[in-house]
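I opened the notebook today to look up one strand, its partners and what comes after it. The entries below keep to what I could read from the model.

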Amino acid sequence: RAGAVVTLTVAGGPPRRVRVPDLLGLRADEVIFTAAAAGLEVHLVTEADGTGVPPGSEGRSWQQTPAAGSAVDEGTAIDVKINPLD
């Protein structure tokens, strides 16, 4: 009708695709920083890698999903397992 209010939503297009960085062997703060720099989020899980946490790997990441090099939508959350500190 004449005089009616029309609301438009402008789409920004499809999500931007980004490559997942290699997060393995990093400390939790490094994982978060590196993922954020790539436009990704992180879900951290503290879990021993099953090898008895070798010396030097305490507090470091040992598994990530999806794998490094995968193409994902910007803003995707990457699941990362971190060895406990103790």
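These are my entries, in the order in which I looked things up.

Entry 1. I noted before anything else that this is a predicted model, and I then turned to strand β5, which covers residues 77-82. I found that Ile78, Val80 and Ile82 make up the covered face of β5, whereas Ala77, Asp79 and Lys81 make up the uncovered one.

Entry 2. I looked up the strands that pair with β5, and found that strand β2 (residues 41-46) runs parallel to β5 and is joined to it by 6 bridges. For strand β3 (residues 61-65) I recorded an antiparallel pairing with β5 over 4 bridges. I then checked valine 80 of β5, which has leucine 44 opposite and is also the bridge partner of glutamine 64.

Entry 3. Which residue did I look up in the segment after β5? I chose asparagine 83, which is found in that segment, and I list it as buried because its relative accessible area is 2%, where buried means under 20%. A polar atom of the asparagine 83 side chain lies 3.0 Å from the backbone nitrogen of aspartate 49. Leaving aside neighbours within four places in sequence, I found asparagine 83 in contact with residues including Thr46, Glu47, Ala48 and Asp49, and also with Val53, Ser57, Glu58, Gly59, Arg60 and Trp62.

Entry 4. I finished with proline 66, which has its place in the loop between β3 and β4 (71-73), and I noted that the peptide bond from threonine 65 to proline 66 is cis, with omega near 0°.

Terms used. Residues are numbered from 1 along each chain as its sequence is written. This is a predicted model: local features need pLDDT of at least 70, side-chain atom pairs count only at pLDDT 80 or more; totals for chains, interfaces and linings use all residues. Side-chain values use heavy atoms; hydrogens and water are left out. Buried means under 20% relative accessible area, exposed over 50%, partly exposed in between (1.4 Å probe, protein chains only). Helices (H or I, at least four residues) and strands (E, at least two) are DSSP runs, numbered from the N terminus. Two strands pair if DSSP finds at least two bridges between them. A polar contact is a pair of N or O atoms within 3.5 Å; within protein, one must be able to donate a hydrogen and the other to accept it, and residues adjacent in sequence count only if both atoms are side-chain atoms. Contact means heavy atoms within 4.5 Å.
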